[in-house]
Amino acid sequence: MGGYPSYGILNELAEMLSYKPLKTILRDLLFDKVSQRDGINKTTFARKMYDLQKGNFVTIKGDQVTVTKKGWQRIDLERIDKLQWDDKKQDGFFRLIIFDIPEKRRRARDILREKLREFECHQIQKSVFVTPYRCEEVMNELVKLLHVERHVHIIKAVHLGHDDAKVRKHFRK
């Protein structure tokens, strides 16, 4: 999913905006926060802000910085990339993750499949995965970041029908 020229500026901007009802932040306030965290100087910050503006990730009007739609999409992709499923606990139930994401959202569908494989879910059908681990929290965050909440369903099941033995064997490895 590649990086972008920001020294974390875009992520810091998103973090700062998440606490405010406003959609803009003052450039100097952003610089103070980023320079404290990363130790960059004003010249480097200005160059990175220019790169972000040139890439259409932010707009700058006077001393106000605003994240663009493209910027928010990049922030979401970075958050998805960092999303981890650390707490793999079983409770005796399977979770069926079923999705029907429209073709116009193909990229989101592909990212979802990629993350499900990364999370070691077992694919039963093209749009059906299963896991014996509690996953509701991480999956809710993932589908929210992908903006596909309406298209993804998690079903908690005790038995998986004729696939049950095969799936149980898969997770005993």
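This passage describes the overall architecture of a predicted model and then selected local features of its chain.

The protein chain contains seven helices and seven strands. Followed along the sequence, these elements are arranged in the pattern α-β-α-α-β-β-α-β-α-β-β-α-β-α. Of the 173 residues in the protein chain, 43% are buried. The accessible surface of the protein chain amounts to about 10600 Å², and carbon and sulfur atoms account for 49% of this area. When contacts between residues at least 6 apart in sequence are considered, 69% of them join residues at least 24 apart.

Helix α3 was examined along its length and around its axis. The helix comprises 13 residues, from 42 to 54. From the first C-alpha to the last, α3 reaches 18 Å, close to the 18 Å expected at 1.5 Å a residue. The buried residues in α3 are Thr 44, Phe 45, Lys 48, Met 49 and Leu 52. These residues lie on the same side of α3, because the arc that they cover around the axis is only 135°. Thr 43 and Lys 54, by contrast, are exposed on the other side of the helix.

Both ends of α3 show further detail. At the start of the helix, the backbone nitrogen of Thr 43 has a side-chain oxygen of Asn 41 within 3.2 Å. Thr 43 is thus a residue with two recorded features, being exposed and taking part in this approach at the start of α3. Just after the helix, Asn 56 adopts a positive phi of about 65°. Asn 56 belongs to the loop between α3 and β2, the latter spanning residues 58-61. The residue has this positive phi although it is not a glycine. With a relative accessible area of 41%, Asn 56 is partly exposed.

A positive phi is also found at His 147, where the angle is about 60° although the residue is not a glycine. His 147 is placed in the loop that runs between α6 (136-146) and β7. Its relative accessibility of 49% makes His 147 partly exposed.

Two charged residues in helices were examined together with their surroundings. Glu 12 is located in helix α1, which covers residues 9-17. Glu 12 counts as buried because its relative accessibility is 9%, under the 20% limit. Apart from neighbours within four places in sequence, Glu 12 contacts Leu 30, Lys 33, Val 34 and Arg 37. One of these partners, Val 34, is 22 residues away from Glu 12 along the chain, yet the two C-alpha atoms are separated by 7.1 Å.

Arg 113 forms part of helix α5, which extends over residues 106-118. At a relative accessibility of 9%, Arg 113 is likewise classed as buried. Excluding residues up to four places away in sequence, Arg 113 touches Phe 99, Gln 123, Lys 126, Ser 127 and Phe 129.

Asp 163 provides a buried position outside the helices, in the loop between β7 (152-157) and α7 (164-172). Its relative accessibility is 16%, so Asp 163 falls under the 20% limit for a buried residue. Between Asp 163 and Ile 124 there are 8.4 Å in space, C-alpha to C-alpha, although they are 39 residues apart in sequence.

The cysteines were considered last. A disulfide is a covalent bond between the sulfur atoms of two cysteines. With a limit of 2.5 Å between sulfur atoms, the count of disulfides is zero. For Cys 121, which is in no disulfide, the nearest cysteine sulfur is that of Cys 135, 6.2 Å away. The closest cysteine sulfur to that of Cys 135 is in turn the one in Cys 121, and the distance of 6.2 Å is therefore too far for a bond. Both residues are nevertheless covered: Cys 121 is buried with a relative accessible area of 8%, and Cys 135 is buried with a relative accessible area of 1%.

Methods: Residues are numbered from 1 along each chain as its sequence is written. This is a predicted model: local features need pLDDT of at least 70, side-chain atom pairs count only at pLDDT 80 or more; totals for chains, interfaces and linings use all residues. Side-chain values use heavy atoms; hydrogens and water are left out. Helices (H or I, at least four residues) and strands (E, at least two) are DSSP runs, numbered from the N terminus. Buried means under 20% relative accessible area, exposed over 50%, partly exposed in between (1.4 Å probe, protein chains only). The expected span of a helix is 1.5 Å times one less than its number of residues. The arc is that of the directions from the helix axis to the C-beta atoms. A polar contact is a pair of N or O atoms within 3.5 Å; within protein, one must be able to donate a hydrogen and the other to accept it, and residues adjacent in sequence count only if both atoms are side-chain atoms. Contact means heavy atoms within 4.5 Å. Accessible areas come from the Shrake-Rupley method with a 1.4 Å probe; for residues, only the protein chains shown count as cover.
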